[in-house]
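User: I would like to go through some of the terms used for this structure. Please set each value against its definition and then conclude.

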Amino acid sequence: MEKKTKLTISGTAKKSFKNIEIAKTQGKNSVVIEKQSNKFPSRGGSPRPGGFKPKTTSTSNKGAAVKPSFVPKSPVVTNDFERRKLAEQRATKRLKGDENKDKKTLKAGTKKRELKLTVSRALSDEIEAKERSLASVKRARQKESKNLTKEEAQESLKPVKRDVNIPEAITVRELANRMAEQSSNVIKFLFGMGVTVTINQTLAADTAEYLVKEFGHNPIREEKAEEIIQKIKATRVENLKNRPPIVTVMGHVDHGKTSVLDVLRSANVVSGEFGGITQHIGAYQIESQSNKLTFIDTPGHAAFTEMRARGSKLTDVVVLVVAADDGVKPQTVESIKHAKAANVPIVVAINKCDLPDADPQKIKNQLLEHELIAEDLSGDTLMVEISATTKLNLDKLVEAIILQAEILDLKTDFESKATGIVLESKIDVGRGPVATIIVTTGTLKKGDFFVSGLRWGKVRAIIDDKGKNINEALPSTPVEILGINGAAKSGDDFIVVDNEKEAKTLSENRAQESKDTKNPLSFATQDSAFSDQSAKELNLIIKSDVHGSSEAIKNAINQIKHDEVKPKIILADIGMVTETDVTLAKASNAVLIAFNVKPSKEAKKLAENEKIKISSYNIIYEVLDYIKKRMSGLLSPDIQETVTGTAQILEIFKVSGAGKVAGSKVMEGEISTASDVRIIRDGAIIYTGKVGTLFREKNQVKQVNNGQECGITVKDYMDFQKNDTIEAFSVTSTERMI
């Protein structure tokens with residue numbers, strides 16, 4: 001039979017009822033304790049003060065509903081001590097009643113100390129129930145979160161399939177990064193395939209693609225920068241309009257190419273050229289009879305081959321200028337070859353026809369050898385006899401060019417993105433890198449982003465051939481562009497792209513591809529490995545005004561060949577001579593050449609302090625002569641030795657003040673006091689020195705001839721022996737030139 005819970009009320013009834021009400025609202029195990037205002041006097045036997053007194057409990061055993069029953073017959077307890085005693089007795093009785101139940105609980109694994117009697121346990125019906133500690137709750141939470149983390153980790157371990165871009169060549173490190181795999185795993189996999197690699201090894205695109213597939217990713221082959229550019233360049237066939245022809249003026253040096261152009265555009269450029277020689281490409285646009293013509297003036301000097309080749313590749317029509325009084329020369333022939341290689345029609349302008357010794361017919365006959373047949377000789381080459389000074393037949397020359405252009409029917413798309421070719425580039429003080437370009441297709445606008453070779457930029461300003469700022473450039477227009485991030489190379493392409501990101505990416509890809517294609521390794525051959533002496537090198541630093549000139553000087557210098565000395569170009573750049581160049585010249589013991597540029601104030605001062613010579617030139621062949629001269633200085637001189645006479649020692653004398661004197665007889669030639677001599681004993685040279693004094697019959701003489709006897713002393717040598725041979729010789733050294 002279940003034991004009913006008794007509720008004991010002490011104090012005033014009002015308070016007790018209030019406590020019962022509170023207990024009802026509380027939870028199962030809650031105990032309401034009321035603080036007593038009065039303090040009972042302490043007794044001698046019990047030192048414990050009774051400050052707090054538990055009043056009521058509303059917890060029933062085994063969760064039974066609480067049925068409060070009032071027991072009015074219970075004896076009235078007067079003080080706290082008796083109340084406490086009564087509570088303890090009641091708790092003990094309850095414990096005895098539940099003894100069997102406790103034994104069962106012990107068997108189930110309850111610890112003994114759980115049955116330890118405390119005040120709170122005595123007032124509670126569920127003595128055997130133990131509340132969980134905070135530490136236990138904390139451990140349970142940690143375990144739960146650990147299990148959750150494990151589940152999340154397992155989910156995250158599921159392989160992620162990535163799109164991996166693969167360029168033509170990629171390092172193991174870069175490939176691992178792109179796949180988000182560990183480099184060691186990739187290397188281990190390659191080891192398994194029998195390929196020994198390091199983390200910095202470059203892999204071919206096919207190998208990289210195979211690896212990406214093996215690691216469960218999706219390989220995407222990147223297009224080469226050149227392929228992307230070719231797609232951009234691909235000509236559009238819609239909206240085609242006629243464009244002005246691009247005409248290149250070619251010919252031998254000093255045949256009047258620039259003069260002809262001057263008259264056509266009514267400007268004097270020749271006076272601005274040093275020594276009357278065009279040093280770099282000039283590009284102009286003229287308008288004749290409502291027809292626009294773009295002219296490119298190329299240098300005629302032998303060194304500028306590459307610039308003429310570039311001109312012929314870019315052009316639609318070549319005007320070959322030949323002087324009537326001079327005839328066909330080497331650069332004329334070279335120009336014809338360039339034009340034919342580029343498959344471009346040629347219009348021949350026979351210049352200087354006003355001169356008395358001019359013979360146009362002779363020129364026509366000479367050109368027959370090079371398969372250029374004039375129309376009056378039933379050929380198809382237009383030939384016009386002109387004079388730049390008297391302006392003779394210049395209109396006919398323009399007509400011939402326009403006629404040739406009409407036959408070609410030149411058309412292009414004006415609306416598309418612009419493409420072009422860099423004719424020239426330079427670094428201008430105040431404006432920075434400047435590129436001269438000719439727009440070939442599309443319209444170039446201010447603010448366009450572009451790629452040119454390994455460089456990129458944004459068009460900040462467009463300047464035409466007359467020096468005016470314009471907002472857009474139509475096809476076949478020569479213009480200067482500001483806004484490139486460095487000096488472009490002459491002959492580089494010029495392509496407008498959509499945005500800055502694309503321009504940067506293309507430029508970087510090109511730079512990377514050019515690095516990959518370079519092969520800096522030089523292999524030792526049998527001859528080079530075992531050669532006794534290496535060729536001496538003349539280090540050169542060349543600074544020029546424009547890229548074309550720098551290129552031409554480099555090519556011309558590389559043509560200077562010699563077995564013992566060779567030129568080595570450390571730096572060939574554009575722009576003024578700076579302090580860095582002077583420091584480099586000092587460090588590498590190089591010759592510093594400034595072509596059409598001046599050194600900065602700081603560089604000049606530094607050069608004076610360091611005693612480094614800056615050689616400034618305006619004409620290319622003067623530069624080449626100077627370099628040849630400097631190279632000649634490195635050549636060892638030619639030394640020639642001539643035996644002037646021999647004498648045999650017959651007797652040795654000791655002379656006071658002179659030491660040992662060799663009494664000798666001159667067998668051949670003559671011996672003089674200025675001669676160098678060798679002492680030869682048994683076919684071996686014992687000593688080489690100079691003659692000290694010559695005696696002839698006790699008299700000192702300057703020269704002893706063949707057949708005569710004499711006494712000879714040799715400076716710093718006295719160990720003569722009989723039958724030694726004294727050989728006199730003279731040495732002549734001659735400087736060598738390249």
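User: How many residues lie between β18 and β19 in their hairpin, and which residue in the turn has a positive phi?

Analyst: There are two residues between β18 and β19, and G453 in the turn has a positive phi of about 65 degrees. This is a predicted model, in which local features need pLDDT of at least 70 and side-chain atom pairs count only at pLDDT 80 or more, while totals for chains, interfaces and linings use all residues. Residues are numbered from 1 along each chain as its sequence is written, and side-chain values use heavy atoms, with hydrogens and water left out.

User: How do you know that β18 and β19 pair, and in what sense?

Analyst: Two strands pair if DSSP finds at least two bridges between them. Strands β18 (residues 449–452) and β19 (residues 455–463) share four bridges, so the criterion is met. The sense is antiparallel, and V451 has W456 of β19 as its bridge partner.

User: What are the other pairings of β19?

Analyst: One is with β22 (residues 478–484), antiparallel over four bridges. Another is with β20 (residues 469–470), antiparallel over two bridges, so that pairing meets the minimum of two. I463 stands opposite E480 in β22 and also opposite N469 in β20. β19 and β20 form a hairpin as well, with five residues between them. There G467 in the turn has a positive phi, of about 90 degrees.

User: Why does β20 count as a strand?

Analyst: Helices (H or I, at least four residues) and strands (E, at least two) are DSSP runs, numbered from the N terminus. β20 covers residues 469–470, so its run reaches the minimum for a strand. Counted in this way, the protein has 20 helices and 36 strands.

User: What makes β9 and β13 edge strands?

Analyst: Each of them pairs on one side only: β9 (282–288) and β13 (382–385). They end an open sheet of six strands, ordered β9-β10-β8-β11-β12-β13, with mixed pairing. On average, neighbouring strands of this sheet are turned by 25 degrees against each other, direction ignored. Within the sheet, β8 (residues 246–251) and β11 (residues 317–323) are parallel over five bridges, and T248 stands opposite V318.

User: Which helix packs on this sheet, and how is its direction set against β13?

Analyst: Helix α14 (residues 394–408) packs there, touching strands that include β8, β11 and β13, and its direction makes about 165 degrees with that of β13. Such angles run from 0 to 180 degrees between N-to-C directions, with axes fitted to C-alpha atoms, for helices over the stretch in contact.

User: Why is Q404 of this helix called buried?

Analyst: Buried means under 20% relative accessible area, exposed over 50%, and partly exposed in between (1.4 Å probe, protein chains only). Q404 has 12%, so it is buried. Apart from neighbours within four places in sequence, Q404 is in contact (heavy atoms within 4.5 Å) with V317, P345, V347 and L382.

User: What is the order of the parallel sheet that contains β26 and β27?

Analyst: Its four strands form an open sheet in the order β25-β24-β26-β27. The edge strands are β25 (565–574) and β27 (614–617). β26 (residues 591–595) and β27 are joined by four bridges, and L592 has I614 as its bridge partner. Helix α17 (residues 547–558) lies across β24 (536–544), β25 and β26, at about 175 degrees to β25.

User: Is A590, in the loop between α18 and β26, buried or exposed?

Analyst: A590 is at 13%, so it is buried by the same cut-off. Its contacts, not counting residues up to four places away in sequence, are N539, L540, I541, I570 and A585. L571 is 19 residues away in sequence and 9.9 Å away in space, C-alpha to C-alpha.

User: Why is V195 called partly exposed?

Analyst: V195 has a relative accessible area of 34%, so it falls between the two cut-offs. V195 is in the loop between α7 (183–192) and β5 (202–204), and with M193 and Y210 it makes a nonpolar surface patch of about 240 Å².

User: How much of the whole protein counts as buried?

Analyst: Of its 738 residues, 41% do.

Notes
Patch = residues over 30% accessible without salt bridge, like charges linked within 9 Å, V, L, I, M, F, W, Y side chains within 5 Å. Areas by Shrake-Rupley, 256 points an atom, 1.4 Å probe, with all protein chains shown as cover. Salt bridge = Lys/Arg side-chain N within 4 Å of Asp/Glu carboxyl O.
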